[in-house]
Amino acid sequence: MKISVKTKILQKCCRIKSKSIISHVSQNRVKGLQKLYATKERSLADMPVVKISRNVCKEILHTVGSQPPESGGILLGPVGSNDVTGFFFDNCGSCTGISYSPDCTTLKQKMKVEWLPAGVDMKGFVHSHPGRLDGLSVGDMIYINRLLDINDDMPMFIAPIVIPQEFRMRPIVVLRDKPRMPREARLDVF
Ligand SMILES: [Zn+2]
C-alpha cells in the first residue's frame, strides 16, 4: 500500500515535470516561430524592391535561362527610374562557360543610337552561373562596382543570377550606399 502511494506520487511528479517541460518547450517554440515570422516580415519589408515587367522575366528565362552558363544581357528601363521594362540578350558577349563578359562595343553603340534617344538606360545586368552558384562572384562585384562608379545616377545595380540547370532566377541588387554587400531583392512583376 505504502509503495503504491509512493509510486503514485512519483508518477504524478513525473507527469507534472514532463508536462511542464513540454509546455516550456512548446512555449519556446511558439516564441521562436513568432520571432522567425517577425524577422521574415521585417526582412521582407527591408528588401530592396525591383519592379520588372513580366515580358522581361519571360525573355530572360527563354534566352539566358535556356542557354548553357555563362550568358547574359542588359536590363533596361526608363531614365530616372529603377523599373526594368526592357532586356537585350547579349548574343555576342563572351561566354566561356566559367565567365561572362558583355559585348561592350555593341551595347555602347545601341545605348547611344537606340536606347538613350528612346528615354531608356541601363538598370543592370543579368547573367547565368553554372551549377547552383546563385551568388555574385568576386569578379562580378568588381565589375558592378566599376559600373556604379561610372554611372553615378544609378542608386542601385540590378544583377540577377540565372541558374539554367534549375530554370530559375535569383534577384540580387547592389546598392550604391553599400556597394560591397549584395542584397537579396524582391521582384515586383507587373
Ligand atoms: Zn557571375
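Which strands do the buried residues of helix 2 pack against? Keep that question in mind as you look through the views below, all taken from a predicted model.

**View 1. Helix 2 has a covered side and an open side.**
The buried residues of helix 2 pack against strand 1, strand 2, strand 3, strand 6, strand 8 and strand 9 (168-170). Find Val 56, Ile 60 and Thr 63 in helix 2: these residues are buried. They sit on the same side of helix 2, because they cover an arc of only 80° around the axis. An α-helix has 3.6 residues a turn, so residues three or four places apart point the same way. Now look at the other side of helix 2, where Arg 54, Lys 58 and His 62 are exposed.

**View 2. The largest nonpolar core of the chain has 26 residues.**
Six members touch the most other members of this core: Ile 60, Leu 75, Phe 157, Ile 158, Ala 159 and Val 173. Several elements give two or more residues to the core, including strand 1 (49-52), helix 2 (54-63), strand 2 (72-78) and strand 6 (120-128). Strand 7, strand 8 (161-163) and strand 10 (172-175) are also among them. In soluble globular proteins, nonpolar side chains tend to be buried together.

**View 3. Ile 158 is a core residue in strand 7.**
Strand 7 covers residues 156-158, and Ile 158 belongs to it. Is Ile 158 buried or exposed? Ile 158 is buried, because 24 other C-beta atoms lie within 10 Å and 20 or more are enough to count as buried. Leaving aside residues up to four places away in sequence, Ile 158 touches Val 50, Leu 75, Val 84, Lys 123, Gly 124 and Val 173. Take a closer look at Val 173: 15 residues separate Ile 158 and Val 173 in sequence, yet their C-alpha atoms are 4.5 Å apart in space.

**View 4. Ala 159 touches residues from several parts of the sequence.**
Again not counting residues up to four places away in sequence, the contacts of Ala 159 include Gly 124, Phe 125, Leu 136, Asp 140 and Ile 144. Ala 159 also touches Ile 172, Val 173 and Val 174. For the chain as a whole, take the contacts between residues at least 6 apart in sequence: 66% of them join residues at least 24 apart.

**View 5. Strand 2 pairs with strand 6 and with strand 3.**
Strand 2 and strand 6 run antiparallel and are joined by seven bridges. Here you can spot Ile 74 standing opposite Phe 125 in strand 6. Strand 2 also pairs with strand 3 (residues 86-89), again in the antiparallel sense, over four bridges. For Leu 75, the bridge partner in strand 3 is Phe 87. Strand 2 is mostly covered, with six of its seven residues buried.

**View 6. Helix 3 lies largely in the open.**
How many of the 12 residues of helix 3 are buried? The number is zero, so helix 3 lies largely in the open. Helix 3 (residues 104-115) spans only 14 Å between its end C-alpha atoms, while a straight helix of 12 residues would span 16 Å. Thr 105 has its place in this helix. Thr 105 counts as exposed because it has 9 C-beta neighbours inside 10 Å, and 12 or fewer is the cut-off for exposed. From C-alpha to C-alpha, Thr 105 and Cys 92 are 9.9 Å apart in space and 13 residues apart in sequence.

**View 7. Three loops hold details to look for.**
Ala 118 is in the loop between helix 3 and strand 6, and is exposed, with 12 other C-beta atoms within 10 Å. Glu 70 is in the loop between helix 2 and strand 2, and the peptide bond from Pro 69 to Glu 70 is cis, with omega near -5°. Phe 167, in the loop between strand 8 and strand 9, has a positive phi of about 50° although it is not a glycine. With 10 C-beta neighbours inside 10 Å, Phe 167 counts as exposed.

**View 8. Confidence varies along the chain.**
The average pLDDT of the chain is 82, and 74% of the residues score at least 70. Over residues 1-25, pLDDT stays under 50, and the model has zero contacts beyond four places in sequence for them.

Definitions and conventions. Residues are numbered from 1 along each chain as its sequence is written. Two residues are in contact if their C-beta atoms, placed from the backbone, lie within 7 Å. The expected span of a helix is 1.5 Å times one less than its number of residues. A nonpolar core is a set of buried Ala, Val, Leu, Ile, Met, Phe, Trp, Tyr and Cys residues joined through C-beta atoms within 7 Å. Two strands pair if DSSP finds at least two bridges between them. The arc is that of the directions from the helix axis to the C-beta atoms. pLDDT is the predictor's confidence in each residue, from 0 to 100.
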